[in-house]
Amino acid sequence: MNLPFVQLDVFAPSPFSGNPLAVVFDADALSAAQMQQVTSWLNLSETTFLLRPTEPGADYRVRIFTPGGELPFAGHPTLGTCAAWLLRGGKPADAQRIVQQSAIGLVPIRRAPEDNANTAATRLAFAAPPFRSEAVDAPLLRKVIAALGLQSGAVRDSAWLDNGPRWLTLWLDAAETVLGLNPDHSTLKALGVKVGVAGPHGAGAETAIEVRAFVSNLGVPEDPVTGSLNASLAQWLIGNGALPARYVAAQGSRLGRSGRVHIAQDAQGQVWVGGDVRVVVQGQLSL
């Protein structure tokens with residue numbers, strides 16, 4: 001069985017600067033076990049599989065896998081899969097938006113105003129799904145802070161943020177603190193949690209915040225650029241007044257990447273999470 005296949009660079013302001021994603025087309029005949037096998041072999045943070053939609057209003061359906069298992073939702077796979085679907089000639093029912101079906105339901109995606117058909121990149125943005133925020137149990141919080149090598153005084157706020165993926169999230173005192181972290185990944189894996197950290201850059205910096213995502217429990221110690229985490233972060237931090245309604249987040253710096261996540265809250269209060277997507281490989285996958 002040969003299936004069309006592409007690899008893309010997501011949240012990438014320039015080639016090979018964002019988070020890689022593999023997309024397999026026409027995957028309806030594949031079992032979950034086959035999808036997991038392909039994903040584990042490719043060994044990217046995520047691989048997605050495009051299928052025919054089963055819900056009214058959806059333009060396509062996607063299943064999202066990491067080397068450690070399937071996810072109900074993820075941000076960079078959402079933007080990358082949409083770009084791949086459009087590249088292959090997908091036509092949305094509504095010219096103003098594309099609707100993706102994933103395990104958490106229908107996710108609207110739009111071409112961002114900055115998108116320029118004459119460039120090599122496509123700027124897309126997804127509507128951040130509703131999220132839940134919960135307090136973190138104090139003993140677990142202390143263990144995570146210790147595993148990150150942090151002083152407790154550097155932590156301004158903490159919460160569980162859940163929009164499908166569930167993140168134990170820390171808002172730190174500064175971007176420099178975020179960039180200086182050298183986590184004990186074996187401890188984080190044993191704790192079984194995904195940990196997101198963010199902190200503000202100083203006035204005049206190119207980006208408002210620096211973000212890192214540690215996902216040792218999914219077989220990837222650090223994710224280069226993470227849309228689902230940034231979506232919850234934006235709703236949390238805009239909601240509590242820590243950040244403005246429009247900003248740009250940097251992620252991937254410690255991994256040699258320069259990922260950029262564009263956040264914008266519209267007049268209705270919906271947060272949109274956007275970035276540039278670039279196609280870097282096209283071919284066929286033989287199963």
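Visitor: Why is Asn 43 called exposed?

Guide: Asn 43 has a relative accessible area of 55%, and since exposed means over 50%, buried under 20% and partly exposed in between (1.4 Å probe, protein chains only), Asn 43 is therefore called exposed. This is a predicted model, in which local features need pLDDT of at least 70 and side-chain atom pairs count only at pLDDT 80 or more, while totals for chains, interfaces and linings use all residues. Residues are numbered from 1 along each chain as its sequence is written, and side-chain values use heavy atoms, with hydrogens and water left out.

Visitor: What makes the phi of Asn 43 worth pointing out?

Guide: Most residues other than glycine have a negative phi. Asn 43, although it is not a glycine, has a positive phi of about 65°, and its place is in the loop between α1 (32-42) and β3 (47-51), where helices (H or I, at least four residues) and strands (E, at least two) are DSSP runs numbered from the N terminus. Phe 11 is not a glycine either and has a positive phi of about 60°; this residue sits in the loop between β1 (2-10) and β2 (19-24).

Visitor: Is Phe 11 buried or exposed, and how do you know?

Guide: The relative accessible area of Phe 11 is 0%, which falls under the limit for buried, so Phe 11 is called buried.

Visitor: Why is the contact between Arg 132 and Asp 162 called a salt bridge?

Guide: A salt bridge is a side-chain nitrogen of Lys or Arg within 4 Å of a carboxyl oxygen of Asp or Glu, and because the side chains of Arg 132 and Asp 162 meet at 3.0 Å, N to O, the pair counts as one. The pair links distant parts of the chain, with Arg 132 in strand β9 (residues 132-134) and Asp 162 in strand β10 (residues 155-162), 30 residues apart. By this rule the count comes to eight salt bridges.

Visitor: What makes the pair of Arg 260 and Glu 206 a salt bridge, and where do its partners lie?

Guide: The side chains of Arg 260 and Glu 206 meet at 3.2 Å, N to O, and the pair is therefore a salt bridge by the rule already given. Arg 260 is in strand β16 (residues 259-265), whereas Glu 206 is in the loop between β12 (194-200) and β13 (209-215), 54 residues apart. Arg 260, at 15% relative accessibility, counts as buried, whereas Glu 206, at 64%, counts as exposed.
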